[in-house]
Amino acid sequence: MSQLKCGAAERVVTPALGLNIPQCMSFNPATGVKDELYTHAIALEQGNKTVILISIDTSGLGTAFTRRVREALHREIGVDPRAVMVSAIHIHTGGPQLMDVYWGQGEDKAVEELFLRETVDAALAAYRSRVPVTARFAMGFEDRISFCRNYQMADGSIKTNPGHKHAAEVLCPVSEIDCTLSTLRFDGEDGKPVCEIVNFACHPDTVGGHEYSADFPGEMRRKLKDVYGNSHTVLFLNGCSGNVNHLDAFRFLDPAFRYPKDHYKYMGGILAKDVLQLHEALEPTEGEVIDFAHKRFRAPRRQPCATDMTWAEEALSDPARSKVDKRLAEELYRLQKHPKRFELVEMQVIRIGDVFVVGFPGEPYADIGMRLRDRMIPHQLILSELANNELGYFATEPAFSANVYEARLPSSPFEPHVLDRMIDTAEELIQKLLKNGKRQ
């Protein structure tokens, strides 16, 4: 079997000031830079197969952006477009979205061109810098910094982020979350790390304000560079975090408690220490097979019903309702006027030895990834949300029946049976790659 090769690169993609930081569904112009935003790329080659993984410090990206990246890389180096995974980290303090349509929140064509140019350049630089490597993997557990954000309340309802106001009414989190932390590191022939992929699930929405920031993933990357040097590329993939963030509702039982403004530094520091500990347990992946598989299927979208439109009318007529509710209501009216009946759902899996990177085109609830992990034991999975597209939240029960924020239209576009099909498709693609490997 031919030698596994790897190259990595990163580029700064911090937009100009004055552009939109897409928080809380209202225009939020950037006034400064807390820390730089990046696009990262890792290129892997074994035999006649090449795969490229890209991670971008942005809240979301759409199929048009992904297609342009894939087409550019195919044109420049001949890589199969199906072998390129483009993931958004879901940074809430990034610049304007790279979405096909994002509810009119200040998209900017110049920013899209900046991200496209630098992302393609990073991927090409990664490909052209590839060297012989050994892939090594380790998986651990971190439960101190991420929490289910939906809670069962004393009155039987489910609330998202109850906060101080409702802390005394909280009974328990609605569901478990996936606290898996994993790293896949690529070491050169001299034994020194070339780059690594770090995977953990939590909403990067801990900073807020009017300054660009890469949130806790950026802090984690900086800490690891302090150890391995500035050339060490850390590609972060955010896991299934649709119902996961940094807020522990039980902390708010103390009326005086407030999360500090630099909490993202604490989170990034914790993850960096965890990753360094995992480096002591790294084990070579079985074989050096590089492969990829993807599948698209047509899925019906939910349509606004009478109850949805009554809620939208009430939200728009009530001055006390939140900006989020009003934006959701406006989008419901847009969907009613311009119905979208179906969605093309792309599932993608990239194989690196005995590790499988699974891309979901939206924000899945944690249990979606956990169900897939359970099915695929003993195989190791890296789960990436917002891969190649942003279709919305993929909410599950009991939050779906409770009609919480992530499960309502327009946030959640599909009925639960579509989510089952996504899991089935991911398993199908992994099994296909396993069979391919046996034939090699």
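These are my notebook entries on two helix pairs, a nonpolar core and one loop residue in a predicted model.

**Entry 1: α4 and α5**

I began with helix α4, residues 215-228, and helix α5, residues 263-279, and I found that they pack at an angle of about 45° with their axes 7 Å apart. The two helices are therefore oblique to each other, and I noted that α4 passes α5 in a right-handed crossing. I then listed the residues that make this contact: α4 contributes D215, F216, E219, M220, R222, K223, L224, V227 and Y228, while α5 contributes Y264, K265, M267, G268, G269, L271, A272, V275, L276 and H279. Sorting the residues of the contact of α4 with α5 by class, I recorded 11 nonpolar, three polar and five charged.

**Entry 2: the nonpolar core**

Next I looked up the largest nonpolar core, which has 60 residues, and I wrote down L44, L53, I54, L73, F186, I197 and I352 as those with the most contacts inside it. Helix α2, residues 109-128, supplies the largest share of this core, namely 10 residues. From the residues with the most contacts I picked I197 and followed its surroundings: leaving out residues up to four places away in sequence, I197 touches I42, L53, S182, T183, L184, F186, L235, L237, I352 and I382. I marked L53, F186 and I352 in that list, since I had already entered them among the residues with the most contacts inside the core.

**Entry 3: α6 and α7**

I turned to the second helix pair and found that α6 and α7 pack at an angle of about 135°, with their axes 8 Å apart. An angle over 145 degrees would count as roughly antiparallel, so I entered α6 and α7 as oblique to each other. In this pair, α6 passes α7 in a left-handed crossing. On the α6 side I listed D308, M309, W311, A312, E313, A315 and L316, which meet D325, K326, L328, A329, E330, L332, Y333 and Q336 in α7. The class count for the contact of α6 with α7 came to nine nonpolar, one polar and five charged residues.

**Entry 4: R321**

Finally I looked at R321, which lies in the loop between α6 (306-317) and α7 (323-337). Is R321 buried, partly exposed or exposed? Its relative accessibility is 22%, and buried means under 20%, so I entered R321 as partly exposed. Setting aside neighbours within four places in sequence, I found R321 in contact with W311, E314, A315 and K326; W311, A315 and K326 had already appeared in my list for the contact of α6 with α7. I also noted that the C-alpha atoms of R321 and S26 are separated by 14 Å, although these residues are 295 residues apart along the chain.

Notes. Residues numbered from 1 in each chain as written. Predicted model: local features only at pLDDT ≥ 70, side-chain atom pairs only at ≥ 80, totals over all residues. Heavy atoms only, no water. Axes fitted to C-alpha atoms, helices over the stretch in contact; angles between N-to-C directions. Helix = DSSP H or I, 4+ residues; strand = E, 2+ residues; numbered from the N terminus. Parallel < 35°, antiparallel > 145°, perpendicular 65-115°, else oblique. Left-handed = near helix turned anticlockwise from the far one by under 90°. Contact = heavy atoms within 4.5 Å. Nonpolar A, V, L, I, M, F, W, Y, C, P; charged D, E, K, R; others polar. Core = buried A, V, L, I, M, F, W, Y, C linked by side-chain atoms within 4.5 Å. Buried < 20%, exposed > 50% of the residue type's maximum accessible area, 1.4 Å probe, protein only.
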